[in-house]
Every structure is written in C-alpha cells, then in structure tokens.
Amino acid sequence: MTIKIIDKGRVGVGAPGKRSRFAYLYYADDVIYFPPVDSTEVVLLGDILLKSGATVIKLYVTNTSQEYSFDSVGDKDNRAFKVKFIGTHPGTELEALEFSKKNHDLDFIVAIPEGISSKNSKILGTPDAPLTFKVSHKNNKDGSKYDMTFEQEMPSEDVYLHYTGSLYSEGNISVWNPDNGNLPPEGVYKIKVSSDLMFTDGSVSDYAEPGKRIILIGDDTSMGGYMTLITGTKIILRKNEPWKSIKGSSIILESFVTSDFQTKLIEIQRN
C-alpha cells in the first residue's frame, strides 16, 4: 500500500489542536470490501479493505476550515441524504497541484478522525454513493489556499458512518469454493463465482470458540448461478431467510456455543 501525504507548507509551527489535521481519502474503486452497519444503521462492523497496492491519501486540512454536512433532499416518502466535506489546504506545493490536476471529478470515500488520539472516525460516502472531488484555488494578500470539496452527486440512504476500524487495511480477499462442503476459517471471503448450489452446515470445527466471525461476499449476477446459503442444524439465518451470493451483498456469521456444547453459526448482519 502507498500512503501519500499531502501536508501543508512548512512556514512555521503552530500550537497543536485536539482535532486531527488530516482527512484520509480512499479512491472508491480501490475498496474491495465495505463493512455493513449494525442495528443503529450508522455504525460500521469491521474494517474497510482496500485492494493490494491501493493508495491512501492523507490530506492536510486546516482545522478551522473542516466542515462536513448532509442535507435531506427529495419528496416526502422518498427522501434521501447528500453528504459533503469541505476543507482548506494551505500552500502551493507541487503535491497539492498534482492532486488537484489528476483527481478532479474522481470519486472518493473520506475518513475524518474524531481527534488526534482517538481511534474513532467518521466515514463520508460509500462505494455505491461516493463523494466527488472539486477544487478551487486563491492566492492573495491573505495567503495561498485550496478550497477542496468532496460531495455526493447522487443522494443515498446514509448519513455519516461511525468507524473504529483501521485506516490502512489492504489485501486480496480470498475466494471460498462452497463445493468442498466446509466453511473456511474465520475471515473475509468472496464466494466463488457461478457456484450454483445451495449450502448449509458443513464442518464448523474452526468456530469452536464463541465470537468468531466469517464474512461472505457475493460476486455473482442476479441472473442465476449464485450460491444460496440456507438455515440448517449448524448455520442459523434470521427468519430462516436464504442469502444469495449476488454482487454487492454480504453476510456476517458469528459462532456461539449452546448449553449442550454444540457449535452454531448465527447470522448477525447482511446487506
């Protein structure tokens, strides 16, 4: 992974503030896994995963200029939200000019740490509804500054999302072939494309300890050929509703042990 830092010009040292000086920018096309939300619909479960070799841009933004917002748009009974992030980047250094030139109108997901020492961040945008980058620049008696705007072009159902995961997680997601009849160990997996079968149970020996999770991600079209996960004696889905490995869908299963020491995997989230 490449971490590209676009810092401010070194013209002096100011007093440190509690608010983070940086916003973290992920190219929407670099995200290979975006975690689902919990029952609150605003808290992400797990890490955002980026493809191997992805670039994370750590952009210096003046503390006092950082502004994020959302607006409710649309007609009654069909309203949605449009999220925006605005920040000022001081200076005229080469890196800022290059970023402005090469990334104008590209789509990003923006992470804003809640504080310098905090592990919590707010996530603005999703792979399905990213923020598009626009920029303007002024150089006058008050100095040189870039006004950088990241705004959703299309509204979505999401506002800000709370995130406690890593700001730098990359890796190729392993592919699981359900034809072998057993679930893989704890982790994140894409379902083999065109599996075209129904799956339930199999070996759960890797999940003998409670609290272990497996995340399955679909990558098939809805025209057929996908895997269908169904409730059995070891895998329990909510309302016994089957899950299909359609592209964009995912499901999280978590292990627990019954009073008679049987290991089960229960669905805790899907999208």
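The following exchange concerns the terms used to describe this predicted model.

Colleague: What makes a residue count in this predicted model?

Modeller: Local features need pLDDT of at least 70 and side-chain atom pairs count only at pLDDT 80 or more, while totals for chains, interfaces and linings use all residues. Residues are numbered from 1 along each chain as its sequence is written, and side-chain values use heavy atoms, with hydrogens and water left out.

Colleague: Why is Ser136 called partly exposed?

Modeller: Buried means under 20% relative accessible area, exposed over 50%, and partly exposed in between (1.4 Å probe, protein chains only). Ser136 has a relative accessible area of 38%, so the value falls in between and the residue is partly exposed. Ser136 lies in strand 10 (residues 131-140); strands are DSSP runs of E of at least two residues, and helices are runs of H or I of at least four, numbered from the N terminus.

Colleague: Which residues is Ser136 in contact with, leaving aside its neighbours within four places in sequence?

Modeller: They are Lys145, Tyr146 and Asp147, where contact means heavy atoms within 4.5 Å.

Colleague: How do you know that the buried residues of helix 1 line one face?

Modeller: In helix 1 (residues 94-103), Ala96, Phe99, Ser100 and Asn103 are buried. Seen down the helix axis, these buried residues fall within an arc of 100°, so they line one face of the helix; the arc is that of the directions from the helix axis to the C-beta atoms. An α-helix has 3.6 residues a turn, so residues three or four places apart point the same way. The face turned away from the buried side of helix 1 carries the exposed residues Leu94, Lys101 and Lys102.

Colleague: Why do strand 13 and strand 18 stand at the edges of their sheet?

Modeller: The open sheet of 6 strands has the order 13-14-16-20-21-18, with mixed pairing. Strand 13 (174-176) and strand 18 (235-236) each have a single partner strand, so one side of each is left without a neighbour in the sheet.

Colleague: What makes strand 20 and strand 21 a pair?

Modeller: Two strands pair if DSSP finds at least two bridges between them. Strand 20 (residues 250-257) and strand 21 are joined in the antiparallel sense over 7 bridges, so the criterion is met. Ile251 stands opposite Arg270 in strand 21.
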